[in-house]
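The exercises below ask for a careful reading of one protein chain, from its overall make-up to a single helix, a loop residue and a pocket. Each task is followed by a worked solution.

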Amino acid sequence: YLHLSGNYYLTDASFTTLTSNSINYINLAATNLPIPNLAGKTQLQTAYCYYMRSSGGLFTGDTYKFNNCTALETLYLYATPLGGQFPRFTNPNLSYLEMRYTNVVGGYKDGSTTDNTHVISENTFRDCVNLRTFYVDSGNLLTAPIATSTFTFTPALRNLLYRSRGRTTGAIPNLNVCSNLRYLNLYNNAFSSGTPNLQSSLNISYVNLSYNKLTGQIPAYRNLSNLNQLYLHNNKYTGLSEFSNLPNLRYFYCHNQFTDGAPGISGQIPDFSSCPRMYYLIMYNNSFTSYKTGAFESLYQLKYLDISNNELSSQALEQIIEDLYSNYTTTPRGGVTVNLKNAMMSGASLPETALETIILLRANGWTVILQ
(Lines give C-alpha, C1' and ligand atoms only; values in the text may rest on other atoms or scores of the structure.)
Protein backbone atom coordinates (compact mmCIF):
# COMPACT_ATOMS: atom_id res chain seq x y z
CA TYR A 1 0.00 0.00 0.00
CA LEU A 2 1.67 3.20 -1.19
CA HIS A 3 -0.05 6.55 -0.65
CA LEU A 4 1.96 9.68 -1.46
CA SER A 5 -0.77 12.02 -2.72
CA GLY A 6 -0.82 15.70 -1.85
CA ASN A 7 2.95 16.08 -1.71
CA TYR A 8 2.89 18.76 -4.37
CA TYR A 9 6.66 19.30 -4.65
CA LEU A 10 7.64 15.65 -4.41
CA THR A 11 9.71 14.80 -7.49
CA ASP A 12 12.03 11.96 -8.47
CA ALA A 13 12.74 11.27 -12.14
CA SER A 14 14.32 7.93 -11.23
CA PHE A 15 11.02 6.66 -9.79
CA THR A 16 10.36 4.46 -12.83
CA THR A 17 9.32 1.14 -11.34
CA LEU A 18 8.49 -0.73 -8.11
CA THR A 19 10.24 -3.94 -7.16
CA SER A 20 7.40 -5.18 -4.96
CA ASN A 21 5.08 -7.71 -6.56
CA SER A 22 2.67 -7.42 -3.63
CA ILE A 23 1.55 -3.86 -4.38
CA ASN A 24 -2.24 -3.65 -4.10
CA TYR A 25 -2.91 0.11 -3.94
CA ILE A 26 -0.97 3.12 -5.20
CA ASN A 27 -1.91 6.80 -4.93
CA LEU A 28 0.46 9.38 -6.44
CA ALA A 29 -2.11 12.13 -6.97
CA ALA A 30 -1.03 15.79 -6.88
CA THR A 31 2.68 15.06 -6.88
CA ASN A 32 5.42 15.81 -9.40
CA LEU A 33 6.34 12.14 -9.72
CA PRO A 34 6.12 10.14 -12.95
CA ILE A 35 3.77 7.18 -13.24
CA PRO A 36 6.09 4.20 -12.72
CA ASN A 37 6.03 1.11 -14.91
CA LEU A 38 3.73 -1.28 -13.04
CA ALA A 39 3.37 -3.85 -15.81
CA GLY A 40 2.87 -7.36 -14.51
CA LYS A 41 1.85 -6.33 -10.97
CA THR A 42 -0.89 -8.92 -10.78
CA GLN A 43 -2.11 -7.91 -7.30
CA LEU A 44 -2.57 -4.20 -8.08
CA GLN A 45 -6.25 -3.28 -7.75
CA THR A 46 -6.30 0.53 -7.46
CA ALA A 47 -4.16 3.26 -9.05
CA TYR A 48 -4.91 6.94 -8.37
CA CYS A 49 -2.73 9.04 -10.68
CA TYR A 50 -4.65 12.31 -11.00
CA TYR A 51 -3.14 15.81 -11.07
CA MET A 52 0.31 14.36 -11.74
CA ARG A 53 2.23 17.13 -13.47
CA SER A 54 5.14 14.96 -14.69
CA SER A 55 3.29 11.73 -15.43
CA GLY A 56 5.45 10.64 -18.35
CA GLY A 57 2.40 9.21 -20.10
CA LEU A 58 1.03 5.69 -20.17
CA PHE A 59 3.97 4.01 -21.89
CA THR A 60 7.56 3.14 -21.06
CA GLY A 61 8.91 2.74 -24.58
CA ASP A 62 6.42 0.34 -26.18
CA THR A 63 5.15 -1.03 -22.85
CA TYR A 64 1.81 0.03 -21.40
CA LYS A 65 2.63 0.87 -17.77
CA PHE A 66 -0.29 -1.20 -16.43
CA ASN A 67 0.08 -4.06 -18.90
CA ASN A 68 -1.22 -7.37 -17.55
CA CYS A 69 -2.23 -5.88 -14.20
CA THR A 70 -4.94 -8.50 -14.18
CA ALA A 71 -6.49 -7.47 -10.84
CA LEU A 72 -6.63 -3.75 -11.64
CA GLU A 73 -10.16 -2.38 -11.06
CA THR A 74 -9.71 1.41 -10.82
CA LEU A 75 -7.40 3.53 -12.98
CA TYR A 76 -8.01 7.20 -12.13
CA LEU A 77 -6.04 9.63 -14.33
CA TYR A 78 -8.09 12.83 -14.08
CA ALA A 79 -6.24 16.04 -15.11
CA THR A 80 -2.93 14.27 -15.60
CA PRO A 81 -1.12 15.21 -18.85
CA LEU A 82 -0.83 11.91 -20.67
CA GLY A 83 -0.95 12.80 -24.35
CA GLY A 84 -0.24 9.92 -26.70
CA GLN A 85 -2.35 6.98 -27.79
CA PHE A 86 -4.75 4.66 -26.03
CA PRO A 87 -3.17 1.33 -25.10
CA ARG A 88 -4.82 -2.01 -25.36
CA PHE A 89 -6.13 -2.14 -21.81
CA THR A 90 -5.02 -5.64 -20.84
CA ASN A 91 -6.88 -5.42 -17.55
CA PRO A 92 -9.81 -7.88 -17.50
CA ASN A 93 -11.07 -6.63 -14.11
CA LEU A 94 -10.89 -2.93 -15.00
CA SER A 95 -14.16 -1.35 -13.86
CA TYR A 96 -13.50 2.40 -13.57
CA LEU A 97 -11.36 4.32 -16.09
CA GLU A 98 -11.15 8.11 -15.63
CA MET A 99 -9.33 10.06 -18.40
CA ARG A 100 -10.89 13.54 -18.38
CA TYR A 101 -8.56 16.47 -19.05
CA THR A 102 -5.61 14.24 -19.92
CA ASN A 103 -4.71 15.68 -23.38
CA VAL A 104 -4.83 12.13 -24.71
CA VAL A 105 -4.56 12.11 -28.52
CA GLY A 106 -6.05 8.72 -29.25
CA GLY A 107 -5.28 6.09 -31.81
CA TYR A 108 -3.99 2.67 -30.79
CA LYS A 109 -0.70 1.35 -29.43
CA ASP A 110 -0.04 -2.25 -28.45
CA GLY A 111 3.66 -2.93 -28.12
CA SER A 112 5.25 -1.90 -31.41
CA THR A 113 1.86 -1.98 -33.19
CA THR A 114 0.28 1.44 -33.76
CA ASP A 115 -2.82 2.51 -35.69
CA ASN A 116 -4.37 5.96 -35.97
CA THR A 117 -7.27 4.99 -38.26
CA HIS A 118 -9.71 5.38 -35.38
CA VAL A 119 -9.51 7.61 -32.33
CA ILE A 120 -10.52 4.53 -30.29
CA SER A 121 -9.74 1.18 -31.89
CA GLU A 122 -11.94 -1.89 -31.79
CA ASN A 123 -9.13 -3.57 -29.81
CA THR A 124 -8.73 -0.89 -27.12
CA PHE A 125 -11.25 -2.49 -24.74
CA ARG A 126 -11.26 -6.02 -26.13
CA ASP A 127 -10.07 -7.39 -22.76
CA CYS A 128 -12.28 -5.17 -20.57
CA VAL A 129 -15.42 -7.24 -20.09
CA ASN A 130 -15.97 -5.71 -16.62
CA LEU A 131 -15.63 -2.06 -17.61
CA ARG A 132 -18.49 -0.09 -15.99
CA THR A 133 -17.34 3.54 -16.25
CA PHE A 134 -15.26 5.24 -18.94
CA TYR A 135 -14.78 9.02 -18.96
CA VAL A 136 -12.54 10.87 -21.42
CA ASP A 137 -12.35 14.59 -22.24
CA SER A 138 -9.55 15.96 -24.39
CA GLY A 139 -9.24 18.72 -26.95
CA ASN A 140 -6.30 16.87 -28.54
CA LEU A 141 -8.21 13.80 -29.71
CA LEU A 142 -7.81 12.79 -33.35
CA THR A 143 -10.23 14.09 -35.98
CA ALA A 144 -11.20 10.52 -36.74
CA PRO A 145 -14.16 8.25 -35.92
CA ILE A 146 -14.48 5.76 -33.08
CA ALA A 147 -14.47 2.20 -34.42
CA THR A 148 -18.05 0.93 -34.70
CA SER A 149 -17.34 -2.17 -32.61
CA THR A 150 -15.34 -0.45 -29.84
CA PHE A 151 -17.96 -1.02 -27.13
CA THR A 152 -19.14 -4.47 -28.24
CA PHE A 153 -16.61 -5.92 -25.79
CA THR A 154 -17.91 -3.98 -22.76
CA PRO A 155 -21.31 -5.49 -21.86
CA ALA A 156 -21.08 -4.21 -18.25
CA LEU A 157 -20.71 -0.54 -19.29
CA ARG A 158 -22.96 1.75 -17.22
CA ASN A 159 -21.43 5.23 -17.60
CA LEU A 160 -19.90 6.67 -20.77
CA LEU A 161 -18.67 10.24 -21.18
CA TYR A 162 -16.76 11.14 -24.34
CA ARG A 163 -15.90 14.73 -25.28
CA SER A 164 -13.47 15.72 -28.02
CA ARG A 165 -14.32 19.46 -28.23
CA GLY A 166 -15.79 19.02 -31.73
CA ARG A 167 -13.06 16.77 -33.15
CA THR A 168 -14.30 13.18 -33.31
CA THR A 169 -16.22 12.52 -36.53
CA GLY A 170 -18.25 9.72 -38.08
CA ALA A 171 -20.98 7.67 -36.48
CA ILE A 172 -21.73 7.11 -32.82
CA PRO A 173 -20.34 3.60 -32.13
CA ASN A 174 -22.59 0.60 -31.64
CA LEU A 175 -23.91 0.51 -28.06
CA ASN A 176 -26.37 -2.35 -28.48
CA VAL A 177 -24.33 -4.72 -26.31
CA CYS A 178 -24.33 -2.22 -23.42
CA SER A 179 -27.60 -3.35 -21.86
CA ASN A 180 -26.56 -1.94 -18.46
CA LEU A 181 -26.01 1.61 -19.73
CA ARG A 182 -27.40 4.29 -17.37
CA TYR A 183 -25.47 7.45 -18.29
CA LEU A 184 -24.56 8.41 -21.87
CA ASN A 185 -22.86 11.75 -22.43
CA LEU A 186 -21.43 12.35 -25.92
CA TYR A 187 -21.79 16.13 -26.10
CA ASN A 188 -19.45 18.45 -28.01
CA ASN A 189 -18.10 16.13 -30.68
CA ALA A 190 -18.67 16.02 -34.46
CA PHE A 191 -20.73 12.82 -34.76
CA SER A 192 -22.91 12.99 -37.87
CA SER A 193 -24.94 9.77 -37.69
CA GLY A 194 -25.82 6.78 -35.56
CA THR A 195 -28.26 8.28 -33.04
CA PRO A 196 -29.03 5.26 -30.79
CA ASN A 197 -32.65 4.32 -30.11
CA LEU A 198 -31.53 2.85 -26.75
CA GLN A 199 -33.87 -0.13 -26.96
CA SER A 200 -31.12 -2.38 -25.63
CA SER A 201 -30.44 -0.04 -22.67
CA LEU A 202 -33.74 -0.13 -20.84
CA ASN A 203 -32.27 1.30 -17.61
CA ILE A 204 -30.87 4.45 -19.22
CA SER A 205 -31.60 7.62 -17.21
CA TYR A 206 -29.43 10.36 -18.77
CA VAL A 207 -28.65 10.98 -22.46
CA ASN A 208 -26.76 13.98 -23.83
CA LEU A 209 -25.93 14.04 -27.55
CA SER A 210 -25.95 17.83 -27.86
CA TYR A 211 -23.45 19.91 -29.82
CA ASN A 212 -22.77 17.36 -32.54
CA LYS A 213 -23.73 17.23 -36.24
CA LEU A 214 -26.36 14.51 -36.02
CA THR A 215 -28.87 14.43 -38.86
CA GLY A 216 -32.15 12.81 -39.84
CA GLN A 217 -35.01 11.83 -37.57
CA ILE A 218 -34.89 11.84 -33.77
CA PRO A 219 -35.84 8.23 -32.88
CA ALA A 220 -39.19 7.22 -31.42
CA TYR A 221 -37.90 6.59 -27.91
CA ARG A 222 -40.19 4.19 -26.10
CA ASN A 223 -40.51 2.01 -23.01
CA LEU A 224 -37.59 3.60 -21.19
CA SER A 225 -39.02 3.77 -17.69
CA ASN A 226 -35.94 5.40 -16.09
CA LEU A 227 -35.14 7.98 -18.77
CA ASN A 228 -35.12 11.35 -16.99
CA GLN A 229 -33.04 13.71 -19.13
CA LEU A 230 -32.70 13.74 -22.93
CA TYR A 231 -30.59 16.50 -24.50
CA LEU A 232 -30.42 16.53 -28.31
CA HIS A 233 -30.02 20.26 -28.97
CA ASN A 234 -27.52 21.94 -31.29
CA ASN A 235 -27.46 19.26 -33.96
CA LYS A 236 -28.86 19.04 -37.51
CA TYR A 237 -31.97 16.92 -37.02
CA THR A 238 -34.82 17.42 -39.48
CA GLY A 239 -37.58 15.35 -37.86
CA LEU A 240 -38.96 14.38 -34.45
CA SER A 241 -40.67 11.03 -33.90
CA GLU A 242 -43.39 10.55 -31.31
CA PHE A 243 -42.27 9.14 -27.96
CA SER A 244 -44.20 6.49 -26.06
CA ASN A 245 -44.17 5.24 -22.49
CA LEU A 246 -41.48 7.49 -21.02
CA PRO A 247 -43.06 7.90 -17.57
CA ASN A 248 -40.12 9.68 -15.93
CA LEU A 249 -38.82 11.94 -18.70
CA ARG A 250 -38.45 15.39 -17.10
CA TYR A 251 -36.15 17.31 -19.45
CA PHE A 252 -36.25 17.18 -23.24
CA TYR A 253 -34.22 19.69 -25.27
CA CYS A 254 -34.22 19.63 -29.09
CA HIS A 255 -33.67 23.32 -29.85
CA ASN A 256 -31.19 24.94 -32.24
CA GLN A 257 -31.33 22.40 -35.05
CA PHE A 258 -29.71 24.07 -38.04
CA THR A 259 -29.22 22.58 -41.51
CA ASP A 260 -27.31 24.79 -43.95
CA GLY A 261 -28.16 27.81 -41.84
CA ALA A 262 -31.91 27.11 -41.65
CA PRO A 263 -33.73 25.76 -38.58
CA GLY A 264 -33.99 22.02 -38.96
CA ILE A 265 -36.93 20.10 -37.41
CA SER A 266 -40.08 20.62 -39.46
CA GLY A 267 -43.55 19.12 -39.60
CA GLN A 268 -45.82 18.44 -36.64
CA ILE A 269 -45.10 18.85 -32.94
CA PRO A 270 -45.88 15.29 -31.82
CA ASP A 271 -47.88 14.10 -28.83
CA PHE A 272 -46.02 14.18 -25.51
CA SER A 273 -48.85 12.76 -23.40
CA SER A 274 -46.83 9.58 -22.77
CA CYS A 275 -44.30 11.75 -20.89
CA PRO A 276 -46.56 12.72 -17.96
CA ARG A 277 -43.77 14.09 -15.75
CA MET A 278 -42.33 16.45 -18.36
CA TYR A 279 -40.93 19.51 -16.59
CA TYR A 280 -38.78 21.35 -19.15
CA LEU A 281 -39.69 21.05 -22.86
CA ILE A 282 -37.40 23.16 -25.04
CA MET A 283 -37.99 23.22 -28.82
CA TYR A 284 -37.09 26.72 -30.04
CA ASN A 285 -35.23 27.61 -33.26
CA ASN A 286 -36.82 24.93 -35.43
CA SER A 287 -39.35 24.90 -38.27
CA PHE A 288 -42.39 23.18 -36.76
CA THR A 289 -45.48 24.05 -38.82
CA SER A 290 -48.29 22.16 -37.07
CA TYR A 291 -49.30 20.70 -33.74
CA LYS A 292 -50.97 17.44 -32.75
CA THR A 293 -54.03 18.32 -30.69
CA GLY A 294 -53.59 17.31 -27.06
CA ALA A 295 -49.79 17.07 -27.25
CA PHE A 296 -49.29 19.40 -24.25
CA GLU A 297 -52.69 19.11 -22.61
CA SER A 298 -51.87 16.46 -19.99
CA LEU A 299 -48.38 17.66 -19.03
CA TYR A 300 -49.51 18.65 -15.56
CA GLN A 301 -46.00 19.02 -14.14
CA LEU A 302 -44.82 21.30 -16.95
CA LYS A 303 -42.71 24.19 -15.66
CA TYR A 304 -41.11 25.63 -18.79
CA LEU A 305 -42.15 25.35 -22.44
CA ASP A 306 -40.23 27.12 -25.20
CA ILE A 307 -41.43 26.83 -28.80
CA SER A 308 -40.26 30.26 -29.89
CA ASN A 309 -38.87 30.90 -33.37
CA ASN A 310 -40.82 28.28 -35.29
CA GLU A 311 -43.19 28.35 -38.31
CA LEU A 312 -46.49 27.35 -36.73
CA SER A 313 -49.81 28.30 -38.29
CA SER A 314 -52.15 30.55 -36.32
CA GLN A 315 -54.54 27.57 -35.96
CA ALA A 316 -51.75 25.42 -34.48
CA LEU A 317 -50.74 28.07 -31.96
CA GLU A 318 -54.38 28.69 -31.05
CA GLN A 319 -54.78 24.97 -30.33
CA ILE A 320 -51.61 25.00 -28.19
CA ILE A 321 -52.97 27.85 -26.09
CA GLU A 322 -56.32 26.07 -25.73
CA ASP A 323 -54.58 22.87 -24.60
CA LEU A 324 -52.42 24.76 -22.11
CA TYR A 325 -55.50 26.41 -20.63
CA SER A 326 -57.15 22.98 -20.32
CA ASN A 327 -53.94 21.82 -18.65
CA TYR A 328 -54.22 24.66 -16.13
CA THR A 329 -57.92 24.15 -15.36
CA THR A 330 -57.34 20.44 -14.69
CA THR A 331 -54.35 21.13 -12.42
CA PRO A 332 -54.46 24.78 -11.30
CA ARG A 333 -51.01 26.15 -10.48
CA GLY A 334 -48.82 29.18 -11.13
CA GLY A 335 -45.15 29.57 -11.92
CA VAL A 336 -45.31 28.12 -15.43
CA THR A 337 -43.41 29.90 -18.23
CA VAL A 338 -44.41 29.53 -21.89
CA ASN A 339 -42.31 31.23 -24.58
CA LEU A 340 -44.28 31.72 -27.82
CA LYS A 341 -42.19 34.55 -29.23
CA ASN A 342 -42.04 34.36 -33.04
CA ALA A 343 -43.60 30.91 -32.87
CA MET A 344 -45.91 31.59 -35.85
CA MET A 345 -45.10 31.87 -39.51
CA SER A 346 -44.59 35.38 -40.84
CA GLY A 347 -47.82 37.26 -41.31
CA ALA A 348 -49.98 35.01 -39.12
CA SER A 349 -51.89 36.39 -36.14
CA LEU A 350 -53.79 35.02 -33.18
CA PRO A 351 -57.56 35.44 -32.90
CA GLU A 352 -58.96 37.53 -30.07
CA THR A 353 -60.18 34.45 -28.17
CA ALA A 354 -56.65 33.07 -27.93
CA LEU A 355 -55.34 36.40 -26.66
CA GLU A 356 -58.07 36.43 -24.01
CA THR A 357 -57.04 32.92 -22.92
CA ILE A 358 -53.47 34.11 -22.53
CA ILE A 359 -54.70 36.94 -20.29
CA LEU A 360 -56.49 34.37 -18.11
CA LEU A 361 -53.34 32.27 -17.81
CA ARG A 362 -51.28 35.32 -16.88
CA ALA A 363 -53.84 36.31 -14.27
CA ASN A 364 -53.32 32.92 -12.64
CA GLY A 365 -49.55 33.15 -12.33
CA TRP A 366 -48.40 31.92 -15.74
CA THR A 367 -45.77 33.83 -17.73
CA VAL A 368 -46.72 33.71 -21.41
CA ILE A 369 -44.28 35.48 -23.75
CA LEU A 370 -45.59 36.61 -27.12
CA GLN A 371 -43.23 39.45 -28.09
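**Exercise 1. Describe the chain as a whole, beginning with its contacts.**

Solution. Among the contacts in the protein chain with a separation of 6 or more, 53% are accounted for by residues 24 or more positions apart. The model is a predicted one, and its protein chain has two helices and 26 strands. Taken along the principal axes, the C-alpha atoms fill a box of roughly 85 × 35 × 35 Å. As for burial, 51% of the 371 residues count as buried.

**Exercise 2. Check the span of helix H2 and work out how its buried residues are arranged around the axis.**

Solution. Begin with the length: helix H2 (residues 352-363) has 12 residues, which at 1.5 Å a residue should span 16 Å, and the 17 Å between its end C-alpha atoms agrees with this. Next, list the buried residues of H2, which are Ala354, Thr357, Ile358 and Leu361. Seen down the axis of H2, these buried residues fall within an arc of 105°, so they line one face of the helix. The spacing fits a general rule: an α-helix has 3.6 residues a turn, so residues three or four places apart point the same way. The face of H2 turned away from the buried side carries the exposed residues Glu352, Ile359 and Ala363. Then ask what covers the buried residues of H2: the cover includes helix H1 (314-330) and strand S26 (367-369). Finally, look past the helix, where H2 is followed by glycine 365, whose phi is positive, near 95°.

**Exercise 3. Decide whether serine 95 is buried or exposed, and identify its contacts.**

Solution. First place the residue: serine 95 lies in the loop between strand S7 (86-87) and strand S8 (96-100). Its relative accessibility is 19%, and because buried means under 20%, serine 95 counts as buried. Leaving aside neighbours within four places in sequence, serine 95 is in contact with Glu73, Asn130, Leu131, Arg132 and Thr133.

**Exercise 4. Characterise the largest pocket by its volume and its lining.**

Solution. Rolling a probe the size of a water molecule over the atoms shows where empty space is left. Here the largest pocket holds about 190 Å³ of space. There are 13 residues lining this pocket, and those closest to its centre are Leu340, Asn342, Met344, Leu370 and Gln371. Sorting the lining by residue class gives nine nonpolar residues, four polar residues and no charged ones.

Conventions: Residues are numbered from 1 along each chain as its sequence is written. This is a predicted model: local features need pLDDT of at least 70, side-chain atom pairs count only at pLDDT 80 or more; totals for chains, interfaces and linings use all residues. Side-chain values use heavy atoms; hydrogens and water are left out. On a 1 Å grid over the protein atoms alone, a cavity is a set of points where a 1.4 Å probe fits but cannot get out, and a pocket is an open set with protein on both sides within 12 Å along at least five of seven lines; lining residues have an atom within 4 Å of a point. Grid points are joined across faces, edges and corners, and a volume is the space filled by probe spheres set on the points. Ala, Val, Leu, Ile, Met, Phe, Trp, Tyr, Cys and Pro count as nonpolar, Asp, Glu, Lys and Arg as charged, and the others, Gly among them, as polar. Helices (H or I, at least four residues) and strands (E, at least two) are DSSP runs, numbered from the N terminus. The expected span of a helix is 1.5 Å times one less than its number of residues. Buried means under 20% relative accessible area, exposed over 50%, partly exposed in between (1.4 Å probe, protein chains only). The arc is that of the directions from the helix axis to the C-beta atoms. Contact means heavy atoms within 4.5 Å.
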